[in-house]
Amino acid sequence: MRIELQHFSKRFGDTVVVSDMNLVVEEGEMIALLGPSGCGKTTTLFAISGVHRVDEGRITIGGRDVTRLPAQKRNVGVVFQSYALYPHMTARRNIGFPLAIRGMERRAADRAIDEMAELLEIRPLLERRPGELSGGQQQRVALARALVRRPDVLLLDEPLANLDARLRLDMRGEIRRIQRETHTTAILVTHDQVEAMSMCDRIAIMDRGRVVQIAAPAEMYERPASRFVASFLGSPPIAYLPAAATEGGLRVGDALVPWAGTAPRDTPLSIGVRPEDFGPDGPIRLAGTVAAVESHGREMLYAVDLALGARLRAIQPGIARARIGEAVAWGFDPARMLVFDGEGRRL
Ligand code: ATP
C-alpha cells in the first residue's frame with residue numbers, strides 16, 4: 001500500500017531529529033533511505049511502524065491515517081539488523097508468532113508458514129532453532145516472519161548488515177525478488193549505497209533530518225542535486241577540483257574546460273569527476289603524479305595527485321597503464337563532469 005509522510009517531524013527532548021519530512025512511497029515500490037549515521041533514517045522507520053510517537057505531521061498507509069494508531073494495529077512487517085528471533089522457538093514457531101498472536105487457527109497458520117517458507121526456500125529448516133541456523137538462514141526466517149501476515153508495508157532496517165559479503169550479495173537479490181513477488185511496498189534503511197542502488201526503485205538521501213533528494217538510482221548518480229548527494233553514490237567516490245567561471249568555460253588549473261553553463265565570472269566553483277571518467281585518454285589533460293596503483297582483478301584503480309593540488313582517482317580496465325611515482329598528464333571528459341557552486345549545489 002502507498003505510504004505517505006506529510007510534514008513529519010520528530011524531536012527527542014530539544015533535539016530535532018527529523019524535520020518537516022515529506023515522502024511518498026508508491027504501492028509496490030521499494031525505496032531506500034540513505035544517509036550518514038544519525039541523519040534520522042531509523043527514527044523515520046520507527047515512526048511509520050508505530051514505535052515512535054509523531055510530534056508533528058501525518059502518516060498515511062493506503063490512504064488511512066495511522067499517525068495515532070498503535071503499532072499492532074498498523075499491519076506493518078519489520079526486519080531489523082539483529083534478526084530478533086526467539087532463541088527457544090523453532091523457525092516454524094518464530095514465523096508463526098505474529099499469526100498466533102492474532103489467534104489464527106493452527107492449520108491455517110501452518111499453511112501460511114509453509115507457503116512463506118516455500119517462497120524463501122527455507123522449508124527444510126522449519127524445525128530448527130535459531131542457534132542451529134546460519135546468519136543468512138536466520139535472516140530469511142526473520143523475513144518470513146515479517147511477511148507471513150501479508151503486511152501492508154515492509155520496513156527493513158539494515159537487514160543485511162550482519163551478513164558476510166557474499167551472502168549479502170545473494171540476499172540483496174532475494175529480498176528484492178520476494179518484495180516484487182508479494183508486491184509489498186517497502187522501505188529499506190541503509191548506509192550502504194550499493195545496497196540502495198541495486199535493490200530499490202528510488203533512493204531518498206537524508207541529511208540532518210531532511211530529505212535532500214529523491215530519485216531513481218541512475219538519475220541520482222547522473223544528476224545529483226548537490227556535492228553531498230554526489231559524494232554519497234559511487235565507489236571510490238567522486239573527487240572535486242577547484243574551478244572558476246571564465247570567458248568561454250571554466251578554468252581548472254591550467255586547463256580551459258568548455259562549459260555551457262553560466263556563473264558570475266571568477267566566482268569559486270568546483271567540478272566533480274568520477275573515477276570512471278578519468279584516465280590516460282581523457283580530452284582535458286591535467287598534470288600529476290601517480291600516487292597509487294591497485295589491481296581489483298578486472299580493473300585497475302589509480303590515484304593521481306594533480307599539480308593543481310587535488311587527488312583524482314581513476315578506474316581503468318585491463319593491465320596497469322602507469323607506475324607509482326610516474327609523471328602523467330591524464331584527462332577527463334568535460335561532458336561527464338558535474339559543476340557545483342560555492343554552496344555545493346549543482347549548476
Ligand atoms: P544510523 O545509520 O547510525 O542508524 P540513523 O540515520 O538511523 O543512524 P537515527 O537512529 O534515526 O539515525 O537517529 C537520529 C538521531 O536521533 C541520532 O542523533 C540519535 O542519537 C538520536 N536518537 C535516536 N533515538 C533516540 C532516543 N530514543 N532518544 C534520544 N535520541 C535519540
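One open sheet is built from 4 strands in the order S2-S1-S4-S5, paired in the antiparallel sense (strands are DSSP runs of E with at least two residues, numbered from the N terminus, and two of them pair if DSSP finds at least two bridges between them). At its edges lie strand S2 (15–25) and strand S5 (64–65), each pairing on one side only. Strand S1 (residues 3–12) and S2 are antiparallel and share 7 bridges; here, Phe 12 faces Thr 15 of S2.

It helps to know that the model is predicted: local features need pLDDT of at least 70 and side-chain atom pairs count only at pLDDT 80 or more, while totals for chains, interfaces and linings use all residues. Residue numbers start from 1 along each chain as its sequence is written.

Phe 12 appears again around the ligand, in a shell that also includes Val 17, Lys 41 and His 191 (a residue is near a molecule if its C-beta atom, placed from the backbone, lies within 6 Å of it). Helix H1 (residues 41–49) supplies the largest share of this shell, 3 residues; helices are DSSP runs of H or I with at least four residues.

A second topic is another open sheet, with 5 strands in the order S13-S12-S11-S14-S20 and antiparallel pairing. Strand S13 (255–257) and strand S20 (338–340) form its edges, each pairing on one side only. Within this sheet, strand S11 (residues 239–246) runs antiparallel to strand S12 (residues 249–252), and 3 bridges join them. In one of these, Ala 244 has Arg 251 of S12 as its bridge partner.
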